[in-house]
Amino acid sequence: MLSNAPVRVRFAPSPTGYLHVGGARTALFNWLFARHFGGAFILRIEDTDFARSSEEMVEGILQGLRWLGLTWDEGPYFQSRRLDRYRTFAAQLVERGRAYRCFCKTEDGAAQRSYAESASPATAHRCGAHACGAHACAALAPGESDRRARAGEPFAVRFRVPPDKTSFHDHVFGDIEVDNAILEDFVLLRSDGIPTYHLGVVVDDLDLQITHVIRGADHISNTPKQVLLYRAAEAPMPEFAHLPLILGPDKQRLSKRHGATSVMAYAEMGYLPGAFFNFLALLGWSPGDDRELLGRQELIQLFTLDGVGKANAVFGLDKLDWYNGQHIRSAPVEILGEMVARELRSAKIWDGSTVPPDSMKQTLDLLKNRARKLSDFSGTFRSFFTDDFTYEPSAAAKFLADPRLRDLVPALLRQYREDAVFTLESTEASLRQLAERSGVKAGLLINAIRVGLTGQGVAPGLFEVMQALGRMHTLDRLQRLEKYLQFSIPD
């Protein structure tokens, strides 16, 4: 083990898809572990599945990591640029008798299986299962094996699994032992010279001096094979920690039916990176108490593998929405303002004029306690940033149908035009005095004006809304409401 060495961990995605929730959680745990111990977080791209890997997917992964603030200290390293290193390592194992050439020509083309399939225990089989008799290649004399290789006969390289059992300690799941009889002689190098997952990951982790391998629990079945490779290389092993799986609310493996799985899809939906970071950190890990709202530095200070549980974590959008709302509320107004401005520009409803910069703070203070996502500012709160909005039909039917409003709204508009101070107190006093003189309840006017100013029947306090919009926009929207009432309310 490398427990006395400086901590070095890695995140090693395959660029056959964008950064998904499970991968992001794995990267985040590695990053927190490295930062907690003052170690290095290394990024490695496992891109030897040439048919499915792409530069677009690589950039998508990098973009997701950057959005979460998971900066890497080394890399990205690419497996596709290290093929000679894997071939040399495999050849050394053959020379030492720890691996052998397999010349089998199987009916199912086992030597040509994809990278993803070769990482699965299901692809392993004893040499000779099809074409050349039981253990024929494993029993070939070295000279005969060399002769056939020199003659150009295609071959894969298989690891010679020894008898007995293989055991390792996992920081999450404890001591694990496997009977080697179920492992079989697994492929290290395919006949096309491309390494399988097991060979690539072990060689890379050795060369990068990785001290701790922190990855998903679906890799537990791969670990005994990799332990055997470390031992065959007579090299110290890293320590292992396998993270519980992430399930949807229905306790099934997380998939698109539970919502977006790409990290950047959540960014586009209006989630804050800090909120998503906080939420992911508590999927399968606990600080040991009931705290849920934790900042980045707090998480770095608290994070250890002891806090990782064995039970599968449940990903719930309602919980993520709660985290996001809490982080929006607590965000410094300057930072929140920048994020909201980007959201509004992205939605093409922001030109900087509807809400002047000096009143943005007042608007955000009014709205942030009601927001669950950044997209709420371009959706539910659209009317605070643009005049391009309509009255909700249900709100108009409920609050703009009283014929008395055709006279009351113009009267209130005249009073507000004469109000030079236009304060919270003066606007409320004017409305309530008009209602009293007219013999109507103030609520009739308050509800109607709220719809006129925001398009909605439910919104923050009316007079606070007026202050956030400012005198000019309030008067313009009241004039718009006056015209609407003249033509929409039946006599």
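Trainee: Let me get the term straight: buried means under 20% relative accessible area, exposed over 50%, and partly exposed in between (1.4 Å probe, protein chains only). So buried or exposed, what's alanine 331?

Mentor: Alanine 331 counts as buried, because its relative accessible area is 11%. Keep in mind that this is a predicted model, where local features need pLDDT of at least 70, side-chain atom pairs count only at pLDDT 80 or more, and totals for chains, interfaces and linings use all residues. Residues are numbered from 1 along each chain as its sequence is written, and side-chain values use heavy atoms, with hydrogens and water left out.

Trainee: Where does alanine 331 sit?

Mentor: In the loop between α11 (317–330) and α12. Helices (H or I, at least four residues) and strands (E, at least two) are DSSP runs, numbered from the N terminus.

Trainee: And what is alanine 331 in contact with?

Mentor: Setting aside neighbours within four places in sequence, alanine 331 contacts Leu336 and Lys368. Contact here means heavy atoms within 4.5 Å.

Trainee: OK, new topic. Which residues touch the most other members in the largest nonpolar core?

Mentor: Phe377, Phe385, Tyr416, Leu431, Leu445 and Ile449, out of 57 residues in that core. A nonpolar core is a set of buried Ala, Val, Leu, Ile, Met, Phe, Trp, Tyr and Cys residues joined through side-chain atoms within 4.5 Å.

Trainee: Which helix gives the most to this core?

Mentor: α18, with eight residues. Leucine 431 makes a nice entry point: not counting residues up to four places away in sequence, its contacts are Leu412, Tyr416, Ala442, Leu445, Ile446, Ile449, Leu462 and Phe463. Apart from this core lies another of 52 residues, including Val9, Ala24, Leu68 and Leu294.

Trainee: Why would residues like that gather?

Mentor: In soluble globular proteins, nonpolar side chains tend to be buried together.

Trainee: Switching to α3: which of its residues are buried?

Mentor: Leu83, Tyr86, Phe89, Ala90, Leu93 and Val94. They cover an arc of only 145° around the axis, so they end up on the same side of α3. That arc is taken from the directions from the helix axis to the C-beta atoms.

Trainee: What's on the face turned away from the buried side of α3?

Mentor: The exposed residues Asp84 and Glu95. As for what covers the buried residues of α3, that includes β4, β5, β8, α6 (197–207) and α7 (223–232). Just after α3, glycine 97 takes a positive phi of about 80°.

Trainee: In what order do β4, β5 and β8 form their sheet?

Mentor: β4-β5-β8, an open sheet with antiparallel pairing. β4 (99–102) and β8 (187–189) are the edges: each has a single partner strand, so one side of each is left without a neighbour in the sheet. Two strands pair if DSSP finds at least two bridges between them. Within this sheet, valine 157 stands opposite leucine 189 in β8.

Trainee: What do β6 and β7 form?

Mentor: A hairpin, with three residues between them. Six bridges join β6 (residues 165–170) to β7 (residues 174–179), running antiparallel, and threonine 166 stands opposite valine 178 in β7.

Trainee: Last one: how are β1, β2 and β3 paired?

Mentor: Parallel, in an open sheet ordered β1-β2-β3. The edge strands are β1 (8–11) and β3 (74–78), each pairing on one side only. β1 and β2 (residues 40–45) share four bridges, and arginine 10 stands opposite isoleucine 42 in β2.
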